[in-house]
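Subject: Structure for you to look at

Hello,

Here is the structure I said I would pass on. Please open it first, then read the notes below it.

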Amino acid sequence: MTSFIIKRLASAVLTILVVSALTFSLAFLAGDPAIAIAGKDSSAADIARVREYYGFDRPVVIQYGEWLAKALTGDFGRSFHYQQSVADMLASRLPITFGLGVAAIIFALAIAVPLGVAAAAKPGGLIDRFALGLSVLGQAMPTFWLALLLVVLFGLTLRWLPISGNATWQHFVMPTIALGTFALPALLRITRAGTLDALRSDYVRTARAKGLGAGKVLFRHALRNVMIPLVSISAVQLGALLAGSIVIEQIFALQGIGALSYDATLRADLPVVQAITLIVAVFYVLLTLVADIVNAILDPRIRESW
Amino acid sequence: MAKPVQSNTGSGLLRRLASNAPVLISGSILLALVVIAVAAPLLAPYDPYAQDLSRRLLPPIGYAGHDPAHFLGTDGFGRDYLSRLIYGTRISLLIGFSVVLIAGFIGTTIGLLAGYFGGKVDQVLMFVINTRLAMPVFLAAMAVVVVFGASLTATVLTLGFFLWDRFAVVIRSTTQQVAAQDFVLAARSAGFSNTRILTREILPNVLSSVVVIATLEMGSAILLEAALSFLGFGVQEPTPSWGLMLSQAREQLFFDAWLIYLPGLALLSLVLAVNIFGDGLRDLLGARDRT
Amino acid sequence: MNDTVLSIQCLSVALPEGADRRLAVDDVSLDLRKGETVCIVGESGSGKSITAFSVVGLLSPQLVPVAGKVLFGGNDLLKAPAAEMRRIRGARIAMIFQEPMTALNPVLRCGQQIMEMFEAHGLHTHRARRARAIELLTEVGLPDPAKAFSAFPHELSGGQRQRVMIAMALALEPDVIIADEPTTALDVTTQAQILSLLKRLRENHGTAILFITHDFGVVAEIADRVAVMHRGKVVESGPTVDVLNDPQEAYTRDLLAAVPALTPPAPAGKPDAEIVLSGLNLNKTYRGRSFFNRRDVPALTDVSFDLYRGETLGIVGESGSGKSTLGRCLMRLADLDAGEIIVDGKDLHALSERAFQPMRKTMQMVFQDPFASLNPQRTVGRIIADGPIVHGKAESLALAQAEELLSFVGLDPSSMNRYPREFSGGQRQRIGIARALALEPKIIIADEPVSALDVSVQAQVLKLLRGLKVRLSLSMIFITHDLRVAAQICDRVAVMQRGRIIEMGPTAEIFSNPKSEYTRALLAAIPGQGLGAKQAFESELPA
């Protein structure tokens, strides 16, 4: 198992390197950072001085290498715009986005798993049709529009919930629902399909032939096999949520990395954009790795194939 | 001599299509939206770009102060809301189709090659796929827009070059399943070239998956464009995009909340129709493949 | 009779709308007495499994019993409430299924799955359940019961998994065990062991067994009484000896006549001396690819043989013997590690893919699975004509030839524009044969061409192959696990075990006087030795 993890980590590191190199070069094309720092109205001489001071006049590869070497020590440089350490900025904002992502995935799972199982228990029944409708609707729902509707309903009309900021837990209710709805359809579908497959399988027939009760057949035999794809999809969805929270943080004025990446991209704040891209890629890769390990614990056949 | 056991069911697909209510309804809605998009100049009562600052923020029918000249009211620049919605259909459909065309081509090619050749080819392409998956689409799309400037073309190209992952992943595994079947071995033992095997033997057998993913991805592309435009990183003023309309409506959220309802509803119905059509298509094609 | 434990009376089960007939099971009556084994035998679609599943109420929801009774312990099980059925299932009527890999839950340990039998019926403490499970695993003859207890299903062999299933079925000393094709997925030697295990257990425990099978050999081995089913009806039933030796019904007679006899027919004539293909020291190893499991599996070790013009050389062996790998390596669908394949004085293995491409016409393959071996998206005409077109034949000529080939293999030429899904398994196999013939090969490699077919269809396809071989003076390599089929169709036989040819010679000689221990064991394991008819292949050549 350890050597599997080592091998997986190696490919993960390579993936992260490629992603970071790509964003670094992309960000580099984004326009002259020296102008961004010096200000649009600066003289050519000032811009040249800034360029030299930050080292923007050297080859991209060298700058990338330097950035990477520092990034490995946790030093992501200083924000051009905020004149702050990027690492500090991330440290204060990550918990908000991560918390929102986790809350949203829990919200989505809390609905998707029971509903998906109940739907599969009686295919074509009322619950199944409701689940199908919900997943189709959730999939077609523009997340930011749902957020706006929530604001109008709970924030402006009913005045139950605060509509901007991240001071209290109440501030996170609407963002969680909006983001969770985005993750819901995929989880619901995989739960329903997995349960349906499991219930039709030979081993569930065997379990029933033993005289086991419906509950044990479902929980011990069927659900355990449903969890394997569910874990993988949840990991991917959580990764997508971290990146997808940009719009939601914007709407609800949450000071997470989503909102930060919006500001940073607008202002061509290269160090911040690079750091965020790297962090999101690392998160994605780690999440899928964790999912693989969890699945290996759940399924002996996966363990074997390592 | 032995006759086939089953009568020809060539027309079966059409017959099933006709008896499948969701596919029929969503298909009709889609068709209607395509017609609206194509015939926008004939249908729109006003020029969607024509501003009239003296008639700003007129409410739609049913609200106090409604002006019968503007059935769905006007936006913050006094432009006719209905006309902008109608023209918005064009943008969304255009984005949806062109993004899926680009992404479908890239993803299907990668999936076919990885699934058929396996081994080293597969390892390299899987790495490409995984790298793509590790890149946050939205963030990358924003960055690209900053580099190349925001425009319809930039949005289409960016999304097209990012949204191929699902095509690649699904077509890869479908290709693996198809390639493992004996008829592919038979083709190889008859001396068919790899190109012929990929295009004549395998592609027709994965095409139904491609079509189904295409409808799902079309929905995603439309939603992503709207979200990008909403944040100002997609289609730019004054082009009538639903996402952009929502972005402007948001500024009036406290005063004229109705502005957000219609563009969102339009977006929702289009994507809903596309997705339901895709789901129905999957059931139909799946049913045919099983027999 | 008083000792009847299970009585199926006038049972009918409806099929869903749109099926080929209204009733899956049509007025079936059957009694099972204490300590007795009754076989229900029939071809696919005969309704034999549905009859068995009706008894325990495990039918899939679209199948509904519409008439009759299933009497067990004085109750009609068809009317029993769910809770009552649950108490009976496992405890008093237990089941064994066909595919032990999928019938066991892949993520639970075997021991735990046996212990569940007690748990389901609220018996014993945890410790006692564990002890009983180990006892049961010992009784079904697993060499290391403690290890099997903590093993996951995929860690055991097919035979061992089926023993675990049997241990599970035995756990609560049921009155009846229903076994649905329990040996069909197993190799012949393993099948023999499982059959003798079932016989021994029945004697020790007095359990009645309702045994579902398609194989008359198995019937001859294990059944006291037999019921033959066809299209939902029991066409004939009675004591096994009577039904097998003196069948009253035409259908039963036809089925029995289609079973190939184990004694080969007398050699037809002098063998030809011209060698069309030689394999010399063929070697191939499958390398373990996963990270932990780096075991290399030798698939072919120093395999050498000659194929003479006009002969059928049988390659027989159990799963994992390397027989299919050999076929694929000869066709260059898999790569050899070392060795020479000589055809027309050229070593095919040494040729580049480009140089080999024109040679592919010389050898063509017939595949096992009639469903997977035809592209579902192409018409039958195209499937047959594609090969010649690729090798440079004009399209119109190739299509005309395809039409001829179709009638040659006994199909209507109107099949040209139809799709494979419109044909039955046997018809598809004929299409596959026509496709192989389209390239006018000298050698046909047939990889288990009749294994997926019912016995009556199998006889027809074998007859076709044999006739074609003679008419077109083809040489054939016939890969099969079924020694009955080999006895009837092969001139010579090579027996393979673990990647080696351990014995090779004229079929009659191998069957009457096997030299190796393994061949003897293989032959001895075949159920129902005396059963079957010599197949009259030569009499009916296709027109």
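**What was found**

Chain C meets chain A through 26 residues of chain C and 24 residues of chain A. Keep in mind that this is a predicted model. On the side of chain C that touches chain A, the helices α2 (82-88), α3 (100-103) and α4 (110-120) each supply at least two residues. The largest share there, 3 residues, comes from α4(C). By type, this side of chain C has 14 nonpolar, 7 polar and 5 charged residues.

Chain B also touches chain A, with 32 residues from chain B and 35 residues from chain A. Five helices of chain B each give at least two residues to its side of this contact: α5 (119-134), α6 (137-148), α10, α11 (242-251) and α12 (258-290). Of these, α12(B) gives the most, with 9 residues. The side of chain B that touches chain A divides into 25 nonpolar, 5 polar and 2 charged residues.

Next, the core. The largest nonpolar core has 331 residues, and those touching the most other members are A:A147, B:A141, C:A167, C:I178 and C:A434. Helix α10 (residues 194-231) of chain B provides the largest share of this core, 18 residues. What does C:A434 touch, leaving aside residues up to four places away in sequence? The residues are C:I384, C:L405, C:L406, C:F408 and C:V409.

Finally, an unreviewed UniProt entry annotates residues 94-291 of chain A as "domain: ABC transmembrane type-1". In the model, that span is 83% helix and 0% strand, and its end C-alpha atoms lie 21 Å apart.

Regards

Terms used:
Residues numbered from 1 in each chain as written. Chains lettered and ligands numbered in written order. Predicted model: local features only at pLDDT ≥ 70, side-chain atom pairs only at ≥ 80, totals over all residues. Core = buried A, V, L, I, M, F, W, Y, C linked by C-beta atoms within 7 Å. Buried ≥ 20, exposed ≤ 12 C-beta atoms within 10 Å, placed from the backbone. Helix = DSSP H or I, 4+ residues; strand = E, 2+ residues; numbered from the N terminus. Contact = placed C-beta atoms within 7 Å. UniProt positions renumbered as here; feature names shortened; annotations may be inferred. Nonpolar A, V, L, I, M, F, W, Y, C, P; charged D, E, K, R; others polar.
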